[in-house]
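Biologist: Let's go through this model together. Keep it plain, please.

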Amino acid sequence: MARTFRIGGIHPHENKLSAGQPITPLPVPNQVVIPLGQHIGAPAQPIVNKGDVVKVGTLIAKASGFVSANIHSSVSGKVLKIDSVYDASGYKKPAIFINVADDEWEESIDRSSAIKRECTLSSKEIVDKIAEMGIVGMGGATFPTHVKLSPPPGEKAEVLIINAVECEPYLTSDDQLMREHAEEIMIGCEILMKAINVNKTLIGIEVNKPEAIEIMRKVAQPFVGITIVPLKKRYPQGGEKQLIDAVIRRQVRSGALPITTGAVVQNVGTVYAVYEAVQKNKPLIERVVTVTGKKLSNPCNLLVRIGTPMSKLIDAAGGLPEDNGKVIGGGPMMGRALVNTDVPVAKGSSGLLLLSQKESERKPMQDCIRCGKCVTACPMGLNPAFLMRDTVFKDWDSCEKMHAFDCIECGSCSYSCPANRPLLDYIRIGKQTVMGIMRSRKS
């Protein structure tokens, strides 16, 4: 019987319009803009200058701390400048602009299609290689992968959990990746198990992906210790804490790290990137992005070089519809509206959603009727209505006591509210303020 997590959750419309569409390489643009902050933690520091010639895979920015990630060129050409660019957050961030000349790759990268099964590296060598290749969480969180594979003192991994849930409506990039690259994903799981010294992997996939489940189960048979775990359709099951609860029935206590349950969680896209990094010596320079929307003529799954303008993806999917209202980076629940379509694709760009004017309009906010639907929907067991109230009145003590810092910003509260209250918008403000207060208190 399919499992699921035990607290909260909702069932938004799936709208998997691009399901089954093959992964199609997008032509390399004439220029890429590669942000230096494509990960949680300190931005990488550039090691190239204006006029430098780079190849595909050339290291162009080094991690500036333990919680940081290397960045490599996704194209070959000449560095135009180091300047700032609007990223998916809506803020200007430093980035490296590269004019494309041809498509010359670093010779160290294995570009053959042959699958390489055996990994001879030690646990430490695997973690070091992953750090060198700039691998980060590709489900959207962009946490540097080598950090996740290095548990803090006193904590030990017992099981590797692979997040192949893709519960966010519209998005299908992980689904298609499993259909087309199941064997590489299994090898990536073996590599990660070796890195954290465990002998068990559980791959959670929601039952609305029957083709992916069937393919992954078949390919997993000769791999020892890897099990496919079908999960009920429920949002936000792709949340790390919710997935751990669904798969191994352990809950992460408030303020604790997931490793305290003995689990290390990695997105299935990250697993594939790990395979390419360790077995093919390929840095994270491209990723699969779903481009979708009800008014879009060609919803698709594209293999895109990092730094490509979002406008190029929209063109490949049939162009911007006439009545387009918003362009969302990500899915409709946790994604954010882009300031323009020149925003570059980053390591965490899983999708691009085009909403019509009607779909993107917010309904008028009404008074809270204390119905409790937001409380029922919250997967973290919080009271969103009260957290919004505390933020409005700037009662930060109450906000902290009510665990605003535990919010995973999934949007289940806003989705379920019959009064159309922008609960998540206010909770984000409260959460950021409370976490700032907590950090200053510690320092």
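**Charges, strands and a pocket**

Modeller: R389 is partly exposed, with a relative accessible area of 34%. That label has cut-offs: buried is under 20% relative accessible area, exposed is over 50%, and partly exposed is in between, using a 1.4 Å probe and protein chains only. Keep in mind that this is a predicted model: local features need pLDDT of at least 70, side-chain atom pairs count only at pLDDT 80 or more, and totals for chains, interfaces and linings use all residues. Residues are numbered from 1 along each chain as its sequence is written, and side-chain values use heavy atoms, with hydrogens and water left out.

Biologist: Which side chain does R389 meet in a salt bridge?

Modeller: That of D390, at 3.1 Å from N to O. A salt bridge here is a side-chain nitrogen of Lys or Arg within 4 Å of a carboxyl oxygen of Asp or Glu.

Biologist: And D390, buried or exposed?

Modeller: D390 is buried, because its relative accessibility is 3%. Elsewhere, D103, E276, K282, E286 and R305 form one network through salt bridges that share partners.

Biologist: How many salt bridges are there in the whole structure?

Modeller: The search finds 25.

Biologist: Show me one in a helix. What does D128 pair with?

Modeller: D128 pairs with K124, and their closest N and O atoms are 2.7 Å apart. Both lie in helix α1, residues 123-132. They are four residues apart, about one turn of the helix. Helices are DSSP runs of H or I with at least four residues; strands are runs of E with at least two, and numbering starts at the N terminus.

Biologist: Why do D128 and K124 get different exposure labels?

Modeller: D128 has 39% relative accessibility, so it counts as partly exposed. K124 has 58%, so it counts as exposed.

Biologist: New topic: sheets. What is the strand order in the open sheet?

Modeller: The order is β2-β8-β7-β4, four strands with antiparallel pairing. The edges are β2 and β4 (53-54), each pairing on one side only. Two strands pair if DSSP finds at least two bridges between them.

Biologist: How many bridges join β7 and β8?

Modeller: There are 10 between β7 (residues 76-86) and β8. These two strands form a hairpin with five residues between them. G90 sits in the turn, with a positive phi of about 95°. Y86 stands opposite K92 in β8.

Biologist: And β2 with β8, how many bridges?

Modeller: Five, linking β2 (residues 31-35) to β8 (residues 92-102). V32 has I98 in β8 as its bridge partner.

Biologist: What is the bridge partner of D83 in β8?

Modeller: A95. The side chain of D83 also meets K81 in a salt bridge, at 3.4 Å from N to O. D83 is partly exposed at 35%, and K81 is partly exposed at 33%.

Biologist: Now cysteines. How many disulfides does the rule count?

Modeller: Zero. A disulfide needs a pair of cysteine sulfur atoms within 2.5 Å.

Biologist: Why is C410 not bonded to C378?

Modeller: The sulfur in C378 is the closest cysteine sulfur to that of C410, but at 6.4 Å it is too far for a bond. C410 is buried at 7% relative accessibility. C300 is buried too, at 6%.

Biologist: Last stop, the second largest pocket. How much space lies in it?

Modeller: About 1400 Å³. The search uses a 1 Å grid over the protein atoms alone: a pocket is an open set of points where a 1.4 Å probe fits, with protein on both sides within 12 Å along at least five of seven lines, and lining residues have an atom within 4 Å of a point. Points are joined across faces, edges and corners, and the volume is the space filled by probe spheres set on them.

Biologist: Which lining residues are closest to the centre of the second largest pocket?

Modeller: P332, E359, E361, R362 and Y415, out of 32 that line the second largest pocket. Elements giving two or more residues to this lining include β15 (324-329) and α14 (423-442).

Biologist: How does that lining divide by residue type?

Modeller: The lining of the second largest pocket has 13 nonpolar, eight polar and 11 charged residues. Nonpolar means Ala, Val, Leu, Ile, Met, Phe, Trp, Tyr, Cys and Pro; charged means Asp, Glu, Lys and Arg; the others, Gly among them, are polar.
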